[in-house]
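Visitor: Please take me through some of the labels used for this structure. I would like the reasoning behind each.

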Amino acid sequence: MLTTATEIVLPGRVEPDGLLVTRRDLPAPEAGQALVRVEASGVSFAEQQMRRGKYYDQPAFPFVPGYDLVGTVTAVGADVDPALIGTRVAALTKIGGWASHAVLDAADLVTVPASLDAAEAETFVVNGITAWQMLFRTAKVRAGQTVLVHGANGGVGSTLVQLARANGIHVIGTASARHADAVRALGATWVDYRGDVPHQVRALAPEGVDAVFDHIGGPGIDDSFALLAPHGTLVSYGTAATKNDVGNSRLPVLKLLAQILLWNALPNKRSAHFFNLWAGKRNRNRFRARITEDLGKVFDLAARGDLRAQVAARVPLAEAARAMELAESSTVVGKVVIVA
């Protein structure tokens, strides 16, 4: 049986109002697959880069954006437990989430706790996995240590702050003055990113911080590394500072990787990493196991109330252009969620 899906298509390098609302028929799920009625998908920095043709692993236009989704399974193919039907699930997709329905591999689905609604759960999918893995798999931060989170009001940033605080880690968070109270409410010590960030951070952590989480890149990455305490770790996970630069979309990342290699080659008692969520996907079973484990831990914390969903806005699927504009406005705390 065919299912008619509504999808948002990114046809090329366009402004948000250039997104297209389309409809197409989806086939029934094949063996190992499940049909998911999408209830929520997010607007992350990845989609903002893709719109500009600046995402490092840029898909070919046209395509349906949507890095992750939350929805309910409505049908399954052969070799999938029929009991999965009716279950609310989450999935990483990289593309395809901005739709009313999606056919996905059942092995990629993670069960969502019943206490979380779809939009709340959505804020913890790519953001929660990214934050958890950077904190505990990459930087290996421990209770009692201090970290610096750039963009602490954003989707990943606000999740990083909460995960760190829930695990006894002190957080210094950068954001604009308009978001100072929101950052403090999350449990971080706010510093104004428009001011002299190194001076402000040094005043709070004279010996340096144990980890810095930097999605900005660009010239400021040098300051992030310099703020590390001995044996501290810089985790870079984006190049937002160069999102509007013309030229090869891979060049900023390649320059950053070269800088990281240089830092790690020097005897400076500090380390640097570039976090790639999709690293290790060649070993698909291990990749899936880690995603399921890490997202499960994040969902457990959210279900217990240790993490609060930061839903900046809920925007209908047909108004995805407005959702993109809002996410790019730098006026929100948390994540803009598209609801179907």
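**Labels and their grounds**

Guide: Gln49 is a buried residue, with a relative accessible area of 11%. The model is a predicted one.

Visitor: Why is Gln49 called buried?

Guide: The label requires a relative accessible area under 20%. Gln49 has 11%, so it is buried. Gln49 belongs to helix α1, residues 45–51.

Visitor: Which residues does Gln49 touch, leaving aside those up to four places away in sequence?

Guide: They are Lys54, Tyr55, Gln58 and Thr239. Contact here stands for heavy atoms within 4.5 Å.

Visitor: What makes helix α3 largely enclosed by the rest of the structure?

Guide: Of its 13 residues, 10 are buried, so α3 counts as largely enclosed. The buried residues of α3 include Val126, Ile129, Trp132 and Gln133. After α3 comes Lys140, with a positive phi near 55 degrees.

Visitor: Why are α3 and α4 called oblique to each other?

Guide: The axes of α3 (residues 126–138) and α4 (residues 155–166) cross at roughly 50 degrees. Angles under 35 degrees count as roughly parallel, and 65 to 115 as roughly perpendicular. The crossing angle of roughly 50 degrees falls in neither range, nor over 145, so the pair is oblique. The two axes come within 9 Å, and the crossing of α3 with α4 is right-handed.

Visitor: Which residues make the contact between α3 and α4?

Guide: From α3 the contact takes Asn127, Gly128, Thr130, Ala131, Trp132, Met134, Leu135 and Phe136. From α4 it takes Gly155, Val156, Thr159, Leu160, Leu163 and Ala164. By class, these residues are 9 nonpolar, 5 polar and no charged. Gly is counted as polar in this scheme.

Visitor: What makes strand β5 largely enclosed?

Guide: Strand β5 spans residues 88–92, and 4 of its 5 residues are buried, so the rest of the structure largely encloses it.

Visitor: How do you know that β4 and β5 are paired?

Guide: Pairing takes at least two bridges between the strands. Strand β4 (residues 68–76) is joined to β5 by 5 bridges, so the criterion is met. The two strands run antiparallel. Thr72 has Arg88 in β5 as its bridge partner.

Visitor: How many bridges pair β5 with β7, and in which sense?

Guide: There are 2 bridges between β5 and strand β7 (residues 110–111), in the antiparallel sense. With at least two required, the strands therefore count as paired. Ala90 stands opposite Val110 of β7.

Note on methods. Residues are numbered from 1 along each chain as its sequence is written. This is a predicted model: local features need pLDDT of at least 70, side-chain atom pairs count only at pLDDT 80 or more; totals for chains, interfaces and linings use all residues. Side-chain values use heavy atoms; hydrogens and water are left out. Buried means under 20% relative accessible area, exposed over 50%, partly exposed in between (1.4 Å probe, protein chains only). Helices (H or I, at least four residues) and strands (E, at least two) are DSSP runs, numbered from the N terminus. Axes are lines fitted to C-alpha atoms, for helices over the stretch in contact, and angles run from 0 to 180 degrees between N-to-C directions. A crossing is left-handed if the near helix is turned anticlockwise from the far one by less than a right angle, and right-handed if clockwise.
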